[in-house]
Amino acid sequence: MPKVGIITQARMTSTRLPGKVLMRVGNKSLLEYHIERLKKANLPIIVATTLNASDDPIADLCGNRNLSVFRGDEHNVLSRYYYAAQKYNLNYIVRVTSDCPLIDGELISRAVSDHLNFKNDWVYTSNCLKRTFARGFDFEI
């Protein structure tokens, strides 16, 4: 059985709203809501952040909640995904961004199941090639 995992990118240095992933709504940060909803996919979750000191709070949050974290180059997001997948031995990556605190983990789970049923490593699955879901539910496999 191939190993599938969700990698979500998160960083504090957003240009439009710096620090947004750790901003609190109620008693949780937006990143915590995001992770909570991703857990409904029943897949390993890896938070890919940067090596910057400004992202230490993200790594700390992950450590305090027993979440896997990978830290890499701020300017090369692709390398963060690649090396995170390598570190955690993933055969398939579900790519999401932490900008989506209301993402649907159950929708991701169904898409992963469909994707694996293709039995073709060259198949690309995404729910945003033809937009049928609201923004904020985007993922790629």
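**Exercise 1. How many of the six residues of E4 are buried, and what follows for the strand's place in the structure?**

Solution. The model used throughout these exercises is a predicted one. Begin with the count: six of the six residues of E4 are buried, so the strand is largely enclosed by the rest of the structure. Next, recall the geometry of strands in general: in a regular strand the side chains alternate between the two faces of the sheet. Applied to E4, this gives one side with Ile45, Val47 and Thr49 and another with Ile46, Ala48 and Thr50, and both faces are covered, since the residues on each are all buried. Finally, consider the strands that pair with E4. E1 and E4 run parallel and are joined by four bridges, with Gln9 standing opposite Ala48 of E4. E4 and E5 also run parallel, and five bridges join them; here Val47 has Val69 in E5 as its bridge partner.

**Exercise 2. Describe the largest nonpolar core, identify the elements that supply it, and place Ile58 within it.**

Solution. The largest nonpolar core comprises 28 residues, and those with the most contacts inside it are Ile6, Ile58, Val94 and Ile108. Two or more residues of this core are given by each of strand E1 (4–9), helix H1 (30–38), strand E4 (45–50), helix H2 (56–64), strand E6 (92–97) and H4. Of these elements, H4 contributes the largest share, four residues. To see the surroundings of one well-connected member, set aside residues up to four places away in sequence: Ile58 then touches Ala10, Arg11, Met12, Val21, Leu22, Leu31, Val47 and Thr49. Val47 and Thr49 in that list belong to one side of E4. Apart from the largest core lies another, of nine residues, which includes Ile46, Phe70, Ala84 and Tyr88; Ile46 belongs to the other side of E4 from Val47.

**Exercise 3. Examine the salt bridges of Lys20 and of Glu32, and work out which parts of the chain each of them connects.**

Solution. As a general starting point, side chains of opposite charge can pair when their charged atoms come close. The count for this structure comes to seven salt bridges, among them one between the side chains of Lys20 and Asp99, with an N to O distance of 3.5 Å. Lys20 lies in the loop between E1 and strand E2 (24–25), whereas Asp99 lies in the loop between E6 and H4, so the pair ties together parts that are 79 residues apart in sequence. The two partners can then be classed by accessibility: Lys20 is buried because its relative accessible area is 17%, while Asp99, with 44%, is partly exposed.

Turn now to Glu32, which is buried at 12% relative accessibility. Its side chain meets that of Arg24 in a salt bridge at 3.6 Å, N to O, and Arg24 is exposed, with a relative accessible area of 52%. The side chain of Glu32 also meets that of Arg65, at 2.6 Å, N to O. This second pair links distant parts of the chain, because Glu32 is in helix H1 and Arg65 in the loop between H2 and strand E5 (68–72), 33 residues apart. Arg65 counts as partly exposed, at 40% relative accessibility. Through shared partners, the salt bridges join Arg24, Glu32 and Arg65 into one network.

**Exercise 4. Establish where Ser126 is placed and which polar contacts its side chain makes.**

Solution. Ser126 is found in the segment after helix H4 (105–117), and with a relative accessible area of 18% it is buried. A polar atom of its side chain lies 3.1 Å from the backbone nitrogen of Cys128. The side chain of Ser126 also reaches the backbone oxygen of Phe139, at 3.1 Å. Leaving aside neighbours within four places in sequence, the residues in contact with Ser126 are Phe139 and Glu140.

**Exercise 5. Classify the aromatic pair found in the structure.**

Solution. A pair of aromatic rings is described by the distance of the centres and the angle of the planes. A search of the whole structure finds one such pair. The rings of Tyr82 and Tyr83 have centres 5.0 Å apart and planes at 75°, so the pair is edge-to-face, the cut-off for that class being over 60 degrees. Tyr82 is partly exposed at 48% relative accessibility, and Tyr83 is partly exposed at 43%.

Methods: Residues are numbered from 1 along each chain as its sequence is written. This is a predicted model: local features need pLDDT of at least 70, side-chain atom pairs count only at pLDDT 80 or more; totals for chains, interfaces and linings use all residues. Side-chain values use heavy atoms; hydrogens and water are left out. Rings of Phe, Tyr and Trp (its six-membered ring) pair if their centres lie within 6.5 Å; planes under 30 degrees apart count as stacked, over 60 as edge-to-face and the rest as tilted. Buried means under 20% relative accessible area, exposed over 50%, partly exposed in between (1.4 Å probe, protein chains only). A polar contact is a pair of N or O atoms within 3.5 Å; within protein, one must be able to donate a hydrogen and the other to accept it, and residues adjacent in sequence count only if both atoms are side-chain atoms. Contact means heavy atoms within 4.5 Å. A nonpolar core is a set of buried Ala, Val, Leu, Ile, Met, Phe, Trp, Tyr and Cys residues joined through side-chain atoms within 4.5 Å. A salt bridge is a side-chain nitrogen of Lys or Arg within 4 Å of a carboxyl oxygen of Asp or Glu. Two strands pair if DSSP finds at least two bridges between them.
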